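Let's walk through this one together, a stretch at a time. Keep the model open beside the text and turn it as we go.

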Amino acid sequence: MYGNDFGAPEEASGGGLLGEVEAAEAALREAAARQRRGAPASDDDLAGFFAEVVEADQKIEPRDWMPEAYRKTLIRQIAQHAHSEIIGMQPEGNWISRAPSLKRKAILLAKVQDEAGHGLYLYAAAETLGISRDELVDLLLNGRQKYSSIFNYPTLTWADVGAIGWLVDGAAIVNQVPLCRCSYGPYARAMIRICKEESFHQRQGYEILHTLSHGTPEQKAMAQDALDRWWYPSLAMFGPPDGESTHSTQSMAWKIKRFSNDELRQRFVDMCVQQAEILGLTIPDPDLRWNDERQAYDFTQPDYDELMRVISGDGPCNRQRMAHRRQAHADGAWVREAATAYAAKRAAENKEKVAA
Amino acid sequence: MTDPSPLWEVFVRARRGLSHTHVGSLHAPDAELALRNARDLYTRRQEGVSIWVVPASAITASSPDEKDAFFDPAADKVYRHPTFYEVPDGVAHL
């Protein structure tokens, strides 16, 4: 669907996670090309047809019949994802005016603008499930839907902007790449687009930390401090361990989710170890070591009690993030009203012209 | 509280020679703003050379429930495809 969008040739053949996004995109086209019956035979066949489409790795589209719980699960997940992108602008936006150079400032501005864009793609995907944008915004503003707990941590130094790009966006990509294969078409397509853009985010963060960790001792210490503070919250982004995850089993059966929380967390740790070595920084986990038997790293789990506390509202910045979002929404009211009034006035003028 | 602004569907022509392709949707109070928002939202990385915005309410869609009946008439007209015809050996430029 978006295969022609990206001009940079080195990206088109990108290996690693970007390669997986490309593969998901190819699989989407391939599944769509496979011949199969086009519609349910009768009203009694709706659930069977749905199961068959999901089983065949084809996509459910907005006007198809779907189980009510599937619709609700998707709305909850896509909305939470969209809210995370919107709230996620705040910790980084905090550093736009203080970025150390014009180049860094321009890049950070572009990145924060991308986050807004990602939020909008996702809101649009959620709306295809029959909920309105205004309802979604209200659900966020009155706290009835959540956003990712990670954005309730503060960005204390410039190195934190690097750590967010490398670790937070990196964890997000590991989480999101499998979502490019989600059974719901609009969500899968939005995720393909988002993942391609996220890879710039991750690289810019890594570059910030690389520059700092090869700078003065003070700069390197600043980078290490950022890694120390963001490591465990980033691991917690994958959610509670598999045994305690409430929505996982059904979501896997519906192919909304393709891997378990613990599998994705492991994949993330395995990726980061070598990247940290090249930065010359130390991951703050004394028990981190290669396990030859498992062919994976053993690591210390994040504090899941802390995760639950932060999700339920008691993180360092929850109140500040929500207050800021409510204020921004209220401050924008006059712009929305003016644009609507202008559109109405123009429409009325055009009607008069036609009448005359 | 203002009325919710209408939904627009966005179509982008990626390059000269390609047709406009549906890329997503957005909200805007009027066509001009929809076009500007579409530029900011869907062409931040030079993904397009031309954009259409269409009010979602102006689109009439076939319903998936009647998909078979709706598209069936095309299924028995195989003669619409060039592969239907047998070309005698030796005929060029056909």
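Is A:D262 buried or partly exposed? With a relative accessibility of 26%, A:D262 counts as partly exposed, because buried would need a value under 20%. Keep in mind throughout that this is a predicted model.

Now look at the partner of A:D262. A:R265 makes a salt bridge with A:D262, and the closest N and O atoms are 2.8 Å apart. Both residues sit in helix 12 of chain A, three residues apart, which is about one turn of the helix. The two ends of this bridge have their own surroundings: A:R265 is buried at a relative accessible area of 0%, while A:D262 is partly exposed.

Salt bridges that share partners also build a network, joining A:E92, A:K111, A:E115 and A:D169. Let's zoom in on one pair from it. The side chains of A:E92 and A:K111 meet in a salt bridge, at 2.3 Å from N to O. A:E92 belongs to helix 5 (residues 89-93) of chain A and A:K111 to helix 6 (residues 102-127) of chain A, so the bridge ties together parts that lie 19 residues apart in sequence. Here both ends are tucked away: A:E92 is buried with a relative accessible area of 2%, and A:K111 is buried with 0%.

For another setting, go to helix 10 of chain A. There the side chains of A:R229 and A:D225 meet in a salt bridge of 2.9 Å, N to O. These two residues are separated by about one helical turn, because they are four residues apart in helix 10 of chain A. A:R229 is partly exposed at 27% relative accessible area, and A:D225 is partly exposed at 30%. Over all chains, the structure holds 22 salt bridges. As a general point, side chains of opposite charge can pair when their charged atoms come close.

Next, move along chain A to helix 13 (residues 304-314), where A:Y304, A:L307 and A:V310 are buried. Why do the buried residues line one face of this helix? Seen down the axis of helix 13 of chain A, they fall within an arc of 115 degrees, so they share one face. On the face turned away from that buried side you'll find the exposed residues A:D305 and A:S312. And what covers the buried residues of helix 13 of chain A? The cover includes helix 10 (217-236), helix 12 and helix 14 (318-331) of chain A. So the helices that hold the A:R229–A:D225 bridge and the A:R265–A:D262 bridge turn up again here, as part of that cover. Before leaving helix 13 of chain A, check its start: a side-chain oxygen of A:D303 reaches to within 3.0 Å of the backbone nitrogen of A:D305.

Helix 12 of chain A also borders our next stop. A:I256 lies in the loop between helix 11 (248-253) and helix 12 (261-279) of chain A. Loop or not, A:I256 is buried, with a relative accessible area of 0%. Leaving aside residues up to four places away in sequence, A:I256 touches A:Y70, A:T73, A:L74, A:Q77, A:L179, A:C182, A:S183 and A:S251. Take A:L74 from that list: A:L74 and A:I256 are 182 residues apart along the chain, yet their C-alpha atoms are separated by 7.9 Å. Another residue that A:I256 touches, A:Y70, is part of a cluster in which ring pairs link A:F50, A:W65, A:Y70 and A:W254.

The structure holds 11 aromatic pairs over all chains. One of them takes us to chain B: B:F11 and B:W52 form a tilted pair, 6.3 Å centre to centre with 50 degrees between the planes. This pair links distant parts of the chain, since B:F11 is in strand 1 (residues 7-13) of chain B and B:W52 is in strand 3 (residues 50-55) of chain B, 41 residues apart. B:W52 itself counts as partly exposed, at 46% relative accessibility.

Finally, step back to see chain B as a whole. It has two helices and three strands, and from the N terminus on the elements run β-β-α-β-α. Of the 94 residues of chain B, 24% count as buried. Among the contacts in chain B with a separation of 6 or more, 40% come from residues 24 or more positions apart. Chain B exposes about 6800 Å², of which carbon and sulfur atoms supply 55%.

Terms used. Residues are numbered from 1 along each chain as its sequence is written. Chains are lettered from A and ligands numbered from 1 in the order in which they are written. This is a predicted model: local features need pLDDT of at least 70, side-chain atom pairs count only at pLDDT 80 or more; totals for chains, interfaces and linings use all residues. Side-chain values use heavy atoms; hydrogens and water are left out. Buried means under 20% relative accessible area, exposed over 50%, partly exposed in between (1.4 Å probe, protein chains only). Contact means heavy atoms within 4.5 Å. Accessible areas come from the Shrake-Rupley method with a 1.4 Å probe; for residues, only the protein chains shown count as cover. The arc is that of the directions from the helix axis to the C-beta atoms. A polar contact is a pair of N or O atoms within 3.5 Å; within protein, one must be able to donate a hydrogen and the other to accept it, and residues adjacent in sequence count only if both atoms are side-chain atoms. A salt bridge is a side-chain nitrogen of Lys or Arg within 4 Å of a carboxyl oxygen of Asp or Glu. Rings of Phe, Tyr and Trp (its six-membered ring) pair if their centres lie within 6.5 Å; planes under 30 degrees apart count as stacked, over 60 as edge-to-face and the rest as tilted.
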